[in-house]
Amino acid sequence: MTALDNYVAPTSLEQAVVQLQELGEVTILAGGTDLMPQSHAGRVKFKRTLMNIRRIPELRGISREGDEIRIGALTTITEMMAHPLVREHLPLLAQAADHFASDQIRNAGTVGGNICNASPAGDTLVPLMVLGAHVELASKPDDTLFRRSMPLPEFFVGPGKTRLAPAELLTAVRIPIPPKGFVARFHKFGTRPALDISAISIGVAGVLKDGKLSQVRVAFGAVAPTPVCGCATEEALEGKKLDAATIAAAAKAAQDEVHPISDVRASAWYRKEMIHNMTRRILEDVSANH
Amino acid sequence: MSQQTINFTLNGVPTRVSVPVQMSALEMIRNVAGLTGTKYGCGEGECGACTIILDGVSLNSCLLFAVECDGRQVTTIEGLAADPVGLRIEKAFVEAGAVQCGFCTPGMVMQARQLLEQNPHPSREEIQRGIEGNLCRCTGYVKIIDAIEAASKE
């Protein structure tokens, strides 16, 4: 068994990806808010090297690049919540950030960390999915920096498991600026507003024109091993007039397409009921307020 | 086990310590630097008893790796003795009777300090939101909120 016996704190992306390639067995440290308790509880074993990526300036900052907003992986939840570009173009994300854990954890936890932890209940994941986010990945297998991008839903493999290659770093998340008429809702359901792992969460987004929703995206959290797309629900809504019949059909589709488990936070039956009722409630709210 | 030497400012004092890389900032502050005002409550970020201020933002020190303090400014409850706003909050806690067993108090005071830094005149609701990451099992929070409100009005 290898033990943690090395610590590195690279100060550039280039240095980090070179070290990742050379050192092999590396645990990445960003905000630490999950790594610390997970490692104490024995759920995450440290690899030989602990790499603190917080000193890498390229991983910070929020900017507009063409028709996209780029959020650096090290952006804290607090920074994301307060940023003018997020508040203007992606209010759904600011709202989700406001319901994230507590002030102390928002100040430390990072967007990149929330994504790489790949928790089925990760609070930014469902909103990012319905906003059409892509993750930006970087590595340096040979002499040149290699970057690739992937739609967020494809990135998740299972609880705590992603498609991130061993020598790869998640550098940012990119979100297209929503078109005119875009509506989006996120609802997180737990037992208290603060510091709660959600029993379920739902995101719904689309373009509303003449009472019809199009380009619909639906995602659910905490009902499967990863956050999942609500493809059948999307189909029940796409191009249809958002009336009582459509809403009822969509809520039924949502309930039928999720396969949650029973655990300490909620039973499978309750989760399915909540998915049904909350989907209906969100859609009724969209229909009533536009 | 790998040790790492870090240099940082602890309550205004330049400090140099050697720590195991997986050690939390809380363990470092209490057991290496010897400042025991910061409390260990839950060890997983639920209770806020270990709240410190790092470069101007409040954090759970139990979730922070000690190595991450390298090159940074760390303020603990002991450091508020040199801070007029900090002293005002402490006095208000005493006067409002916002302390019973006292275990949550250092974290509450630190988070109140952070709240008043960002929002010098918060509403009661904003105070409630501000301390949502801090648990108190004795008081029922009312007197804590009273104390923070009083400190903001002085």
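## Helix α1 of chain A and two contact surfaces

In this predicted model, helix α1 of chain A spans residues 13–23 and has the buried residues A:A16, A:V17 and A:L20. Viewed along the axis of α1(A), these buried residues lie within an arc of 90°, so they line one face of the helix. An α-helix has 3.6 residues a turn, so residues three or four places apart point the same way. The cover over the buried residues of α1(A) includes four strands of chain A: β2 (26–29), β3, β6 (134–139) and β10 (169–176). After α1(A) comes A:G24, with a positive phi near 70°.

Chain A also meets chain B. In this contact, 23 residues of chain A touch 25 residues of chain B. On the chain A side, β1 (6–8), α2 (35–40), β3 (49–52) and α6 (103–108) each supply at least two residues. The largest share, five residues, comes from α6(A).

Chain B is itself divided into domain 1 (3–77) and domain 2 (83–153). The centres of these two domains of chain B, taken over C-alpha atoms, are 21 Å apart. Between them, 14 residues of domain 1 are in contact with twelve residues of domain 2. Strand β3 of chain B (residues 51–54) gives the largest share of the domain 1 side, three residues.

The table lists the residue classes on two of these sides.

| Side | Nonpolar | Polar | Charged |
|---|---|---|---|
| Chain A, touching chain B | eleven residues | nine residues | three residues |
| Domain 1 of chain B, touching domain 2 of chain B | six residues | six residues | two residues |

Key
Residues numbered from 1 in each chain as written. Chains lettered and ligands numbered in written order. Predicted model: local features only at pLDDT ≥ 70, side-chain atom pairs only at ≥ 80, totals over all residues. Contact = placed C-beta atoms within 7 Å. Nonpolar A, V, L, I, M, F, W, Y, C, P; charged D, E, K, R; others polar. Domains from an automatic or database assignment. Buried ≥ 20, exposed ≤ 12 C-beta atoms within 10 Å, placed from the backbone. Arc of directions from axis to C-beta.
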